[in-house]
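User: Please take a close look at the site around the ligand. What is the make-up of the shell there by class?

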Amino acid sequence: MDFSLNQEQEMFRGYVRKYLDGAGQTKTARAYIEGETGSLRALLSGLAELGCTSINISEDYGGMGLGPLDLIPVLEETGRSLLPGLYLETNALAVPLLEKFGTEEQKGRYLAEIAAGTKTFSLAWLEPGGSYGPFGINLEARSLNGQLILSGVKTMVPDAELADHYIVLVRTGKGNRNEGITLVIVDRNETNLTLESQKNIDETRQLSALAFNDVEIPMGQVLGAMHQGWDALQEGLLSFNAALSAVIVGCMEKVVEMAAEYAKIREQFGQPIGRFQAIKHRIVDMKMDLETARSLAYYANWALESGAEDRVQAISCARIFATKAFVRISSDNIQIHGGIGFTEEIDCHLFVKRARFYENYLGSTEQYYKQAATALGW
Amino acid sequence: MDFSFTTKEEEFRLELRAWLEGNLPEGWLEGISNVSKDEGEYAVSLRNWQRKLYEGGWAAIAWPKKYGGREATLMEEIVYQQEMVRVKAPALVNYVGIHMVGPTLMQIGTDEQKAKYIQKILTGEEVWCQGYSEPNAGSDLSAIQTSAVKDGDRWIINGQKVWTSFGHLADRCFLLARTNRFDKKHKGITVFLLDMNQPGVETRPIIQMDGQHDFNEVYLNDAIAYDAEIVGEVDEGWKVTIALLMHERTGIGAQVFTLEQQFNELVGLAKELKEDDKPLLGNPLVRHTMVDLYTRSRGSLLNYYRNLTKTLKNGHPGAEGSMDKLMVSELTKELLSQSISLQGHKGVLWKEDAISSNSYWQDNYLYSFGQTIGGGTSEIQKNTIGERILGLPKDMGR
Ligand SMILES: Cc1cc2nc3c(=O)[nH]c(=O)nc-3n(C[C@H](O)[C@H](O)[C@H](O)COP(=O)(O)OP(=O)(O)OC[C@H]3O[C@@H](n4cnc5c(N)ncnc54)[C@H](O)[C@@H]3O)c2cc1C
């Protein structure tokens, strides 16, 4: 029995934390809100230099060939500092999809770029109808002269402006529930592709609408089998959700730390407020949530890495618990801070907003409940 | 990360399984537990079970070999807990003796005490209870008033204990009494190994809300204890108490595994119960609640494994035990509450009228209220976690 990250993983966490602390933790996120992207880019290339972007990429393509558990330290640390950008989407969604379904050519090109830290991916999934199901995919992809012609609209594409490539869910055939959908890789600078940003409560992340006006892409950009993209996406989402849980654990850890630290120094009625049980017990509840989220997230990533039988339920439960608990404890954190917690100046609100961003991110909470129940055989 | 058990641990499991198959009361494995309704008979059967465990070498597996144990590793203790929970083994009547008093005496008892008590704890010949709580000393144990006054080589003890589990079955009591008054309330307490079979000790049953009788009031009227029955130093009993509590290293384990088992049984119940001829588990609201409970039950099991890993690495348990106890007891209560809700109005039918076999859910539901109180209330656990793990300032009273 050994349920812990190993020494190398913890050591690596140490490097990443030191680096992000050095950059002022949430300072980069705040600069990003102000529209300043230079420091984010610098920080991301620093992380790439540390090796963060190549961890889970095969050695053949310039990576370290490690697994999901090795990604946890980076994910948690980026969560702690609310790092903007597409690390999660690139390394925990695009990479596993490319590794599993990519052609030699795609791997050679994209994985090598990701490993080097020069390129990032986003996912263009949702459409104005708002459905997360396969029926919601209407963006049309017609084959013509060995090419695919894409026309339609995607919304709520995360950080579209920062991404170099998008994985796009397109409709290539009628098919039944899971068929007729294909994943294609589209470069951002493709002609006939326009981008319109959408206002987002979590200003540390961007959302955009993408309009495809007969965007022409070669067949070589299809990721995985034609018409089978939905199932491939589900595979990718397992990796993504296991990783998302770890990011949230990092966020939650920071929130609990903020609450506990503040409760030790803020005095009222001649006492540190942490002596009052209404405060103390609430912070303990937050801590319990944090540790439970962590256990579930570690196990989910272990189940993913080892291909355990219970991986689907483990991953959906980790995601459900983490997203809900993060909303809960980041809200409590504001209450514990009192008036100052309600200001823009203190970080509390940034965590609430990020919690809401993740709550229904790439799949609704309800959908993951259903997935868990089905995986449990109920 | 590694969630497997070693070959040696698995062999240990099989050995225990085989033994249980041969030695559990007749029909037990098939779910027929003919527990006597007569208190006396029940007590005898529990003692017999303890004796059987002893004879099979399964009474105190963690004890050193020289005291009749197996020097089981922490992981073997976990396997042991899992297996005992799996077969819903009869209660261990000498729990206090085996898990707490015995190990404490080995650590700080005199040679004479070791010789006199340890073997009898193992065989079940002497059953122990713990006499801490008093009417005015619950969460604040240092407020105890029971007094012990020196009289030659004897001590005369007067006072009242309450909530003494197994007190009515016990031969001896690990008793806290005040021998001195200092400014510091924790000083001046002494631990006695009190003989329960004497005229000065009167035990009165307290009937619990589940209709059972496990705990008692114990009245001490000029009860006698001797110098030789003091553990550690006079007035320094607080240290002994802490040492004793540290020995309770795997208690939570059993509860975590019981929680897991009860969750699976709850799923069974939700499949069995029908709503318009369809299993209740198909109802989206029920599924939602069940996924929530599953998630948190898994979470508490995994938390436990993570803390266990820490203990295995550090060689000693940390304050995280409080987190396990808090979470498991609260979740158990919630899970059992859900079991009653699922049954609808019929959830109130009790005993032989209960819709589930043997009133299993109703009994466990009622019993669960004690779990967030006994062994330290949830509020006290939260104080401990807040102060020892999060470093928050101490509670005003302490
Ligand atoms: C099933 C069971 C078995 C038991 N077995 C034994 C036994 O064998 N031997 C034995 O000696 N005792 C035993 N006990 C007693 C048990 O240890 C006490 O009941 C427990 O410590 C609480 O004390 P109390 O009942 O006096 O409640 P109180 O201490 O009076 O508490 C009442 C309420 O006030 C809260 N409270 C008290 N202090 C604080 C504080 N500082 N901060 C916040 N809230 C506070 C409590 O959490 C609780 O909600 C048993 C109890 C149960 C339920």
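Analyst: By class, the shell around the ligand has five nonpolar, eleven polar and two charged residues. Here Ala, Val, Leu, Ile, Met, Phe, Trp, Tyr, Cys and Pro count as nonpolar, Asp, Glu, Lys and Arg as charged, and the others, Gly among them, as polar. This is a predicted model, where local features need pLDDT of at least 70, side-chain atom pairs need pLDDT 80 or more, and totals for chains, interfaces and linings use all residues. Residues are numbered from 1 along each chain as its sequence is written, chains are lettered from A and ligands numbered from 1 in the order written, and side-chain values use heavy atoms, without hydrogens or water.

Now the position. The ligand lies between chains A and B. It is surrounded by 18 residues, each with a heavy atom within 4 Å of it. The closest are A:Gln277, B:Ser139, B:Trp163, B:Thr377 and B:Glu379. Helix H11 of chain B, residues 378-389, gives the most to this shell: three residues. Helices are DSSP runs of H or I with at least four residues, numbered from the N terminus.

Next, the polar contacts (pairs of N or O atoms within 3.5 Å). A:Gln277 has a polar side-chain atom 2.7 Å from a nitrogen atom of the ligand. From chain B, a side-chain N or O atom of B:Ser165 is 2.8 Å from a ligand nitrogen. For B:Asn383, the distance from such a side-chain atom to a ligand nitrogen is 3.4 Å. Taken alone, the ligand exposes 960 Å², and the protein buries 67% of that. These areas come from the Shrake-Rupley method with a 1.4 Å probe.

Terms used: A polar contact is a pair of N or O atoms within 3.5 Å; within protein, one must be able to donate a hydrogen and the other to accept it, and residues adjacent in sequence count only if both atoms are side-chain atoms. Helices (H or I, at least four residues) and strands (E, at least two) are DSSP runs, numbered from the N terminus.
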